[in-house]
Amino acid sequence: MATAQPVSRPPANASHLDNSNSALKPINLLRGWPAPSLLPAAALQSASASVLSDPSISVPALQYGPDPGFQPLREQLAGWLSEFYGTDETADRIAVTGGASQSVACILQSYTDPSYTQAVWMVAPCYFLACPIFRDSGFNGRLHAVPEDNEGIDLEFLGREIAKLEADSYGRDGTSGPRYKDPKPYRKIYRHIFYCVPSFSNPSGKTMSLARRRGLVELAREWDALVICDDVYDMLQWPLIPATNLSPELHTAEHPSRLTTSVLPRLVDIDTQLGRSRHDPVGQHFGHAVSNGSFSKLVGPGMRTGWVDATPDFALGVAQTGSTKSGGAPSQFSAAVLSALLGSGGLARHIEENLKPAYQRRHALIMDAVRRFLVPLGAEVRANSLEGGDGEREHIFGGYFIWIHFPGGPSTKLISDRCREENLAIGAGALFEVQGDEDAVRLDKDIRLCFAWEDEEDLVEGVERLAKVVDAIQKGGEHAASKRKAPSDENDDADQFK
């Protein structure tokens, strides 16, 4: 169980690399950013020009917007998401947000009360920068790690630990203790929060199976929990291809991604199909799952724009968060630009013609390098893939990350520290433990590698450098790199972990 105690944060320079003094080019396999070459600057320039050249669009785009967000974007998102997920979306299910992180904070402001909401349950390994968002909302010492296996979250563990916590607390009725928030008339307060990245998870790369998705929704409905799903990688999925088919001269268009619809339903869609639960107030339907979407991985993190997709009552409640009502819709101008990009078909083309083929190639190359250089040293790749539907036998992968396990090997914190001498940044597993509940799921034998940021040739060289370090540590000697003082870069910051 988590206990209230100070939580140490990784140093801000944990992935800083030497850009000037080292003989080795810096390679960053920790940074979870889109590569600069994949940012659609020209398409955004065109979309921005179309917005600013039409006063009927530019004036409202530059003013305070309606609480739920820029209406044309909400309508376009409804159509786009319906087509991708095979659902029947409506604009009233969607509220525009200032990105996935800001959205989580607003959801917690509006739908939780630290005096009543018992705990936050996080799949471990977790996206560690979500932990401070929950702590800032009053849940310090109440973050609980839930392990995952090849199908995703361990439902048996979660159900058992929730029941144990409820038995030890002040009862299922929640009548003890003061209430600090009055959610009426637009919201309700949930008893528990579940947080996960169901598809192509950050950091593990795993995708939760359909059975686990259904089971998690059922558990949420039993215990009056809200499942916050960061569905930020869903559109970035592709069939796996062998790296042997990827010669330097081969254009990615020869290996099209071919996937234009989601392989699995979202948890919010599974929950919505079940209708109201016994925990919904009379005459309202808030549901027990919310899809937290973002344009950060599809267009660029600097757009700071995303959306929540849930029941109409839930979306309205998010839009009534005090900071939103005071400041108007988040990201109003960015939302107008993204509306123009989405409406013109430019976003779909960018995803299909640029992002998915590029990430498909990069993933194939880094996986091939891992098999050639790290598996002989005892590494195991702990990222699953999906079987395609409709009789399709090809395997599906997506997102930004792969997860590597070194059973019986050295601490990956030691490996990470030694990698810096090779001007290489990697994500040591301990970074992704749930803060305050680290002992529940220890990850000091694991590594996260991101294949989105670096160029293709640097992905392979980075894995080779990592293998060199691991091999030297296993042999008990210093690796061959010359001794260098650990570099730093004051212009970098902790946000590069995202």
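**Entry 1: a helix pair**

Before looking at any helices, I wrote down my angle bins: under 35 degrees is roughly parallel, over 145 roughly antiparallel, 65 to 115 roughly perpendicular, and the rest oblique. I am working from a predicted model here.

I then looked up helix H3 (residues 71-85) against helix H11 (residues 332-343), and their axes pack at an angle of about 40°. The axes lie 9 Å apart. By my bins H3 and H11 are therefore oblique to each other. I also checked the hand: H3 passes H11 in a left-handed crossing.

Who makes the contact? On H3 I listed Pro-72, Leu-73, Gln-76, Leu-77 and Trp-80. On H11 I listed Ala-335, Leu-338, Ser-339, Leu-342 and Gly-343. The spacing on both helices sent me back to a textbook point: an α-helix has 3.6 residues a turn, so residues three or four places apart point the same way.

**Entry 2: the cores**

Trp-80 turned up again when I went through the largest nonpolar core, which holds 113 residues. Trp-80 is among the members that touch the most others, along with Met-122, Phe-134, Phe-314, Leu-449 and Leu-466. Which helix gives the most to this core? I found helix H12 (residues 346-374), with eleven residues. The core draws at least three residues from domain 1 (27-37 + 349-478), and at least three from domain 2 (41-239 + 256-344) as well.

I followed up Phe-314 next. Leaving aside residues up to four places away in sequence, Phe-314 touches Ile-107, Tyr-111, Tyr-190, Leu-226, His-285, Phe-286 and Val-290. Apart from the largest core I noted another one, of 24 residues, and its members include Phe-157, Val-217, Leu-219 and Ala-225.

**Entry 3: helix H5**

Phe-134 is one of the buried residues of helix H5 (residues 131-139). Cys-131, Pro-132, Ile-133, Ser-137 and Phe-139 are buried there too. What do these residues pack against? I got helix H4 (100-111) plus three strands, E3 (119-124), E4 (143-149) and E6 (192-196). Just after H5, I saw Gly-141 with a positive phi of about 80°.

**Entry 4: backbone oddities**

I went looking for cis peptide bonds. One joins Ala-124 and Pro-125, with omega about 10°; Pro-125 is in the loop between E3 and H5. Another cis bond runs from Asn-202 to Pro-203, with omega near 20°. I placed Pro-203 in the loop between E6 and helix H7 (210-223).

Then positive phi at residues that are not glycine. Arg-304 has a phi of about 45° and belongs to the loop between strand E9 (289-294) and strand E10 (306-309). Is Arg-304 buried or exposed? I have it as partly exposed, at a relative accessible area of 34%, because that label covers values between 20% and 50%. Ser-331 takes a positive phi of about 55° and is not a glycine either. I found Ser-331 in the loop between helix H10 (322-327) and H11, which brought me back to the helix pair I began with.

**Entry 5: the whole chain**

To finish, I pulled the overall counts. The chain has 14 helices and 17 strands. Of its 498 residues, 59% count as buried. I also looked at how far contacts reach along the sequence: among those between residues at least 6 apart, 80% join residues at least 24 apart.

Note on methods. Residues are numbered from 1 along each chain as its sequence is written. This is a predicted model: local features need pLDDT of at least 70, side-chain atom pairs count only at pLDDT 80 or more; totals for chains, interfaces and linings use all residues. Side-chain values use heavy atoms; hydrogens and water are left out. A nonpolar core is a set of buried Ala, Val, Leu, Ile, Met, Phe, Trp, Tyr and Cys residues joined through side-chain atoms within 4.5 Å. Buried means under 20% relative accessible area, exposed over 50%, partly exposed in between (1.4 Å probe, protein chains only). Helices (H or I, at least four residues) and strands (E, at least two) are DSSP runs, numbered from the N terminus. Domain bounds come from an automatic or database domain assignment. Contact means heavy atoms within 4.5 Å. Axes are lines fitted to C-alpha atoms, for helices over the stretch in contact, and angles run from 0 to 180 degrees between N-to-C directions. A crossing is left-handed if the near helix is turned anticlockwise from the far one by less than a right angle, and right-handed if clockwise.
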